[in-house]
Amino acid sequence: MNAPPPLQKAARLWQRLPFRHMMAIVVILYIFGKKQPFPLSNFPMYSGISEEADVYFATDQADRPLAMDRVFDTGSSNTKKLFKTKLSSLLSETSAKSGEPRRDTEDATEAERATVGKDTLDTLVRSMKQGNLPPGTTAVRLYSRTFSLADSDTIQDQAPKLLAEHPLSPPAP
Amino acid sequence: MNDALETSPRPWWQPGPFDYSRAQLFMIRLGFAALLFWNIKWETRKYTHQDHPNGLAHLFDFTWLATSPPGWGLKGLTIAGLVLYVVGILPVLGLLPAVFFAVSIGTLILSQGPMQHSWQLVTMMALAQFIVYLVHARRSGLKPDLQIQRLATYWGTVVIAGGYVVCGLVKVIESNGLWIWKSPYLAVQVMKTNWASFYDSLEPTREWTQQAAQFLVDHPWFARAFFGSGLLIEVLAFAILINRRWAFWFGLSMVSLHWGISELMNLHFIQHILAILIFLIIPNFPGLWGKKAPEAA
């Protein structure tokens with residue numbers, strides 16, 4: 001039995017489409033990969049270009065940086081993504097409660113950033129390898145540091161902002 | 001996934017499977033099996049929750065992988081399956097454990113919150129090959145013939161091409177076509193990624209990368225040419241499907257793109273580079289495989 005004419009036409013069009021198999025993959029990844037359900041992804045890394053970029057890091061009580069891979073079994077980049085994910089969730093919850101439009105993470109208040117900073121640091125501390133802390137560490141801190149090209153032709157390295165502090169009891173031996 | 005099986009001559013814009021020999025296909029599958037096994041992050045003990053469910057985690061609970069991490073029994077089963085895939089016997093059954101663990105573990109890890117982009121391409125390549133074998137299982141499920149093996153490899157290559165093209169398109173669309181124009185601002189990302197690397201390990205940052213970042217700001221047209229050529233490589237990645245020569249040379253340019261990113265931004269897409277080496281460069285390396293011998297399908 002022959003297919004209906006519109007289907008036949010669609011089939012002919014499909015056959016003529018340049019690089020049709022790849023085009024199908026591109027369409028699938030672009031549409032269904034937007035929310036990145038694993039393993040689908042539209043690979044959006046660095047698609048949005050901003051004048052600013054921030055990096056997240058941990059220090060001890062004297063602001064000496066801690067090797068995040070060794071101490072927390074996770075890196076600076078993952079910590080930033082975790083912070084942003086948690087901040088995004090908080091802003092969605094706030095928006096749902098208040099009925100106001102959801103704000104961008106860039107527009108979060110200092111109090112919201114501090115709440116999420118504490119939550120993120122708590123997550124880091126839960127996976128912390130105490131034995132890999134430098135001796136005498138009594139607290140860990142989470143900072144963000146921003147590099148900016150806004151209003152300048154020189155890369156501005158802004159002073160790190162303290163997001164949260166977590167006292168250790170007992171301190172690292 | 002059937003129409004690519006046609007053997008009649010095709011125009012260059014309607015590509016199909018390459019005429020790989022059995023030996024070349026064997027080497028591709030061997031390399032890919034090793035890459036796929038390594039691509040799976042088997043150490044799952046610490047992922048005890050899925051607070052930010054990703055993909056299938058909306059439907060299923062994958063935290064059993066944390067409470068009962070796959071031991072050598074299940075890893076052995078996966079390896080045995082991959083051996084079947086490599087030798088070309090029962091590939092549907094052979095790929096099943098690897099695809100299952102790649103998808104399950106990847107989903108669980110991404111359900112922790114932070115997004116990663118290292119494992120998707122290889123997992124999708126495995127899925128695409130699995131689907132090809134599954135679709136043709138009734139015709140040749142036990143020992144797929146040369147045509148089916150070429151088709152499976154072709155779809156792996158199609159996924160590479162599609163992944164890079166969509167990555168480039170997203171840049172163009174998200175930036176309203178201004179990505180290349182705005183690319184000098186990527187200098188702050190160069191600073192960020194290099195400092196992130198420092199905070200990971202406390203290994204001193206490379207001094208030249210900070211100078212390079214400022215150089216990109218001071219010479220915006222150089223930055224546009226540099227990052228713009230990278231974007232072109234992504235958007236034009238469909239060229240790897242045209243023929244084997246294109247696959248080789250364009251594959252080299254894709255590796256050079258990753259090498260540049262790796263040097264400048266300390267971002268290493270090892271899985272992507274290995275996939276390109278296995279599927280595009282090694283099987284098409286001029287002179288490596290001797291003169292092409294025609295082989296019956």
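**Figure 1. A nonpolar patch on the surface of chain B in the predicted model.** About 1,000 Å² of nonpolar surface is formed by B:Phe26, B:Met27, B:Leu30, B:Trp72, B:Ile79, B:Val83, B:Val87, B:Ile89, B:Leu90, B:Leu93 and B:Leu142. Helices α1 (22–39) and α3 (72–87) of chain B each contribute at least two residues to the patch. The greatest contribution, four residues, comes from α3(B). B:Met27 belongs to helix α1 of chain B. With a relative accessible area of 39%, B:Met27 is partly exposed, because this value lies between the limits of 20% for buried and 50% for exposed residues.

**Figure 2. A patch of negative charge on the surface of chain A.** The residues gathered here are A:Glu51, A:Glu52, A:Asp104, A:Glu106, A:Asp107 and A:Asp151. One of them, A:Glu52, is located in strand β1 of chain A. A:Glu52 has a relative accessibility of 35% and therefore counts as partly exposed.

**Figure 3. Strands β1 and β2 of chain A, paired in the antiparallel sense.** Strand β1 covers residues 52–60, and strand β2 covers residues 139–148. Nine bridges join the two strands. Within this pairing, A:Asp54 stands opposite A:Thr146 in β2(A). Strand β1 is largely enclosed by the rest of the structure, because eight of its nine residues are buried. In strand β2 of chain A lies A:Ala139, which is buried with a relative accessible area of 4%. The C-alpha atoms of A:Ala139 and A:Pro167 are 4.1 Å apart in space, although the two residues are 28 residues apart in sequence.

**Figure 4. A salt bridge between A:Asp54 and A:Lys80.** Side chains of opposite charge can pair when their charged atoms come close. Here the N to O distance is 2.9 Å. The salt bridge links distant parts of the chain, since A:Asp54 lies in strand β1 of chain A and A:Lys80 lies in helix α4 (residues 76–98) of chain A, 26 residues apart. Both A:Asp54 and A:Lys80 are buried. Together with A:Lys84, these two residues form a network of salt bridges.

**Figure 5. Salt bridges involving helix α5 of chain A.** A:Lys86 and A:Asp119 form a salt bridge, with their closest N and O atoms 3.5 Å apart. This pair connects helix α4 of chain A, which holds A:Lys86, to helix α5 (residues 110–126) of chain A, which holds A:Asp119, across 33 residues of sequence. A:Lys86 is buried at 15% relative accessible area, whereas A:Asp119 is partly exposed at 34% relative accessibility. A:Asp122 forms a salt bridge with A:Lys118, at 3.1 Å between the closest N and O atoms. Both A:Asp122 and A:Lys118 lie in helix α5 of chain A, four residues apart, or about one turn of the helix.

Definitions and conventions: Residues are numbered from 1 along each chain as its sequence is written. Chains are lettered from A and ligands numbered from 1 in the order in which they are written. This is a predicted model: local features need pLDDT of at least 70, side-chain atom pairs count only at pLDDT 80 or more; totals for chains, interfaces and linings use all residues. Side-chain values use heavy atoms; hydrogens and water are left out. Buried means under 20% relative accessible area, exposed over 50%, partly exposed in between (1.4 Å probe, protein chains only). Two strands pair if DSSP finds at least two bridges between them. Patches are made of residues with over 30% relative accessible area and no salt bridge: like charges are joined within 9 Å, nonpolar side chains (Val, Leu, Ile, Met, Phe, Trp, Tyr) within 5 Å. Accessible areas come from the Shrake-Rupley method with a 1.4 Å probe; for residues, only the protein chains shown count as cover. A salt bridge is a side-chain nitrogen of Lys or Arg within 4 Å of a carboxyl oxygen of Asp or Glu. Lys and Arg count as positive and Asp and Glu as negative; His and the chain ends are not counted. The place of a charge is taken as NZ of Lys, CZ of Arg, CG of Asp or CD of Glu.
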